[in-house]
Amino acid sequence: MSAVLTLSGLDCFYGEVQVLHGLSLELNKGEVLCLLGRNGAGKTTTLKAVMGLVPAKAGSIRLGDRELTALAPHEVPKAGVAYVPQGRRLFAEMTVAENIEIGLMARGKGKPTRDRVLDLFPVLRQRLGQRSGTLSGGEQQMLAMARALCLGPEVLLLDEPTEGLMPSMIGRIRETISSLRGEGVSTLLVEQRLEAVLSVADRVCFIENGRARETVPASSLRDNPALVRRYVGVG
Amino acid sequence: MSFGPHLLLAVLEGLVTSAVLALTALGLSLVFGVMRVVNVAHGEFFMLGAVLAWAISSMVPGYPSLGFLMALLLSPLIVGAVALLAERLVLRRLDYNPEATIVATIGMLYVIQQLALTFYGPEARAVPPPFNFRLQLPWFGYSGYKLSIIAASIVLMLATWFVLTRTRIGLVMRATQYDRETAQAFGIPVDRVYAGVFALGAMLAAVAAVLIVPIQQAHYLMGLDPLLLSFIVVIIGGLGSLRGTVIAALIIGVSDGVISVFFSPTLAKIIATSAVAMVLVFRPQGLFGTAPR
Ligand SMILES: Nc1ncnc2c1ncn2[C@@H]1O[C@H](COP(=O)(O)OP(=O)(O)O)[C@@H](O)[C@H]1O
Ligand SMILES: [Mg+2]
């Protein structure tokens, strides 16, 4: 297996407070790697560091053979990384079409068209003129994913995509993640609850206090509740 | 003159004020809306626009139309370049910190003002209007140039609205305004957007000043009034709202015209300032602004 994205020895700070302590992990080509950990463990910060939104004080982030920490934040998406932030962070005052347009502006040459992205989420096609802040939670999540997929990314960062969604919606998001995996997209998926990831993740990496503790195959977790309990608490 | 025509005259004068004010306030509002920077030096960009208009038009004495046209094109460009420089040298280094930039732009205010005093001097100087056509109404004649200020302002406001809502540049500006971090995650070079917006804001003030300078002389202290009035307009209209800016500029400009003509200019200022106080107490986000989430 070859790694597409490699984080090694990453230190990140908010002001004086150190949040990531020498965090290292590898995302392999075409896999779904899930970051699991308690609230405040540093999962979101890890994704933000990859996007260049939180500076790395030490360590490196390599995409293939490119060093991402050397890029300005706005150059990271063009390098091939797309980001679906926690809480979706849509441009709520803008229409669905405008949100998608912003995603399309960030894509590299010869990447997916608007039609291909909308084919993944047909509901959005009927809502193009609607203000995105007025969509339902599930539709907003789909839009956030559609906006990111406009980039035709090599690596997709998903921060708690199922947070606050109805079960039927959660299934729908999971299907999308699986089908992207089939297309060779490598996904770094952040979740807080185990059951949200078991069916889609290839491997699970436990994050605790800003450190990557252990990485195990997702299939091994069913038989190892103690491990899960240790890093995520009950459930 | 009887009451009706008198009122019409007052309203026309008010509309001219509104036209210039709307452009100036729009510049202030864009800069605050997108960058969260309260630009205390905004009025000095206005003054600089007027002073440069005088300097440029006096290079071609005897050809007022040509001189004015050159001023209209060049003065905003030069002011935009000055603003760009200020943005690079000062605001960016402060990382656009809201408090620090207030202090820094106060500093810019004095620097620009003193430079104008040094190189332009303390005199008030007039720029000849590009044409002297008078529109003869049944009751009084009215300056065709003043009417063209109103028309020019409408055209520029519509152009700004078009750019903001119908073009990619506008989309990028709005994305930056709503969520700087997410904008970056979608490849938007936020610092370049900031630089462009700051220059654009200053250029709007400069255009407004070039338009007004044939009827109100250029002077190195002339930036204070537009700054104050722009703040009033932006607070009443709601920051970042184009529609609010236009409507508030109309309210302030026309009421200023009418009250000044029938009562006194001081009373007009008192009423405008009280209106701001009322808005701040009862609707702090402004009449058309959206409440922060
Ligand atoms: N903008 C911020 N400023 C200061 N501290 C922050 C900020 N964002 C997160 N933190 C802190 O950093 C730590 C890690 O946060 P985060 O990466 O969001 O955790 P997770 O996503 O795993 O819940 C937490 O202790 C949190 O309080
Ligand atoms: Mg988080």
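Visitor: Hi! Let's start with ligand 1. How many residues of each class are in the shell around it?

Guide: Hello! In this predicted model, the shell around ligand 1 has three nonpolar, five polar and two charged residues.

Visitor: And which residues surround ligand 1?

Guide: Going along chain A, you meet Tyr14(A) and Val19(A), then a run made of Arg38(A), Asn39(A), Gly40(A), Ala41(A), Gly42(A), Lys43(A), Thr44(A) and Thr45(A).

Visitor: Which helix gives the largest share of that shell?

Guide: That's helix H1 of chain A, residues 43-51, which supplies three residues.

Visitor: Okay, zooming in. Which backbone atoms sit by an oxygen atom of ligand 1?

Guide: Gly40(A) has a polar backbone atom 2.7 Å from an oxygen atom of the ligand. For Lys43(A), a polar backbone atom is 2.8 Å from an oxygen atom of ligand 1.

Visitor: What about a side chain, say that of Thr45(A)?

Guide: An N or O atom in the side chain of Thr45(A) is 2.5 Å from an oxygen atom of ligand 1.

Visitor: How much of ligand 1 does the protein cover?

Guide: On its own, ligand 1 has 560 Å² of accessible area, and the protein covers 57% of that.

Visitor: Now the magnesium ion. Which atoms coordinate it?

Guide: The magnesium ion, ligand 2, is coordinated by OG1 of Thr44(A) and OE1 of Gln86(A), at 2.0 to 2.3 Å.

Visitor: Where in the chain are those two?

Guide: They come from distant parts of the chain, 42 residues apart. Thr44(A) is in helix H1 of chain A, while Gln86(A) is in the loop between strand E6 (81-84) and helix H3 (96-105).

Visitor: Why does Gln86(A) count as partly exposed?

Guide: Because its relative accessibility is 27%, and the partly exposed class runs between the 20% and 50% cut-offs.

Visitor: You mentioned helix H3. What can you tell me about Gly103(A) there?

Guide: Gly103(A) is found in helix H3 of chain A, and its relative accessibility is 0%, so Gly103(A) counts as buried. From Gly103(A) to Ala82(A) is 21 residues in sequence and 9.2 Å in space, C-alpha to C-alpha.

Visitor: New topic: is Met169(A) buried or exposed?

Guide: Buried: Met169(A) has a relative accessible area of 14%, and buried means under 20%. Met169(A) lies in helix H7 of chain A, residues 167-182. Measuring C-alpha to C-alpha, Met169(A) and Met142(A) are 9.4 Å apart in space and 27 residues apart in sequence.

Visitor: How many disulfides are there?

Guide: A search of the whole structure finds zero, over all chains. Take Cys34(A): the nearest cysteine sulfur belongs to Cys205(A) and is 8.9 Å away.

Visitor: Why is that not a disulfide?

Guide: Because the two sulfur atoms would have to be within 2.5 Å, and here they are 8.9 Å apart.

Visitor: Are the cysteines Cys34(A) and Cys150(A) buried or exposed?

Guide: Cys34(A) counts as buried, at 0% relative accessibility. Cys150(A) is buried too, with a relative accessible area of 0%.

Visitor: Last one, over to chain B. What is phi for Arg36(B)?

Guide: Phi of Arg36(B) is near 60 degrees, a positive value in a residue other than glycine. Arg36(B) is in the loop between helix H1 (3-35) and helix H2 (42-57) of chain B, and is partly exposed at 42% relative accessible area.

Visitor: And Asp95(B), what is its phi?

Guide: Near 55 degrees, again a positive value in a residue other than glycine. Asp95(B) lies in the loop between helix H3 (64-91) and helix H4 (98-120) of chain B, and is exposed, with a relative accessible area of 52%.

Note on methods. Residues are numbered from 1 along each chain as its sequence is written. Chains are lettered from A and ligands numbered from 1 in the order in which they are written. This is a predicted model: local features need pLDDT of at least 70, side-chain atom pairs count only at pLDDT 80 or more; totals for chains, interfaces and linings use all residues. Side-chain values use heavy atoms; hydrogens and water are left out. Buried means under 20% relative accessible area, exposed over 50%, partly exposed in between (1.4 Å probe, protein chains only). A residue is near a molecule or strand if one of its heavy atoms lies within 4 Å of it. A polar contact is a pair of N or O atoms within 3.5 Å; within protein, one must be able to donate a hydrogen and the other to accept it, and residues adjacent in sequence count only if both atoms are side-chain atoms. Accessible areas come from the Shrake-Rupley method with a 1.4 Å probe; for residues, only the protein chains shown count as cover. Helices (H or I, at least four residues) and strands (E, at least two) are DSSP runs, numbered from the N terminus. Ala, Val, Leu, Ile, Met, Phe, Trp, Tyr, Cys and Pro count as nonpolar, Asp, Glu, Lys and Arg as charged, and the others, Gly among them, as polar. Donors are N, O and S atoms within 2.8 Å of the metal (3.2 Å for Na, K and Ca); water is not among the atoms, so sites may look incomplete.
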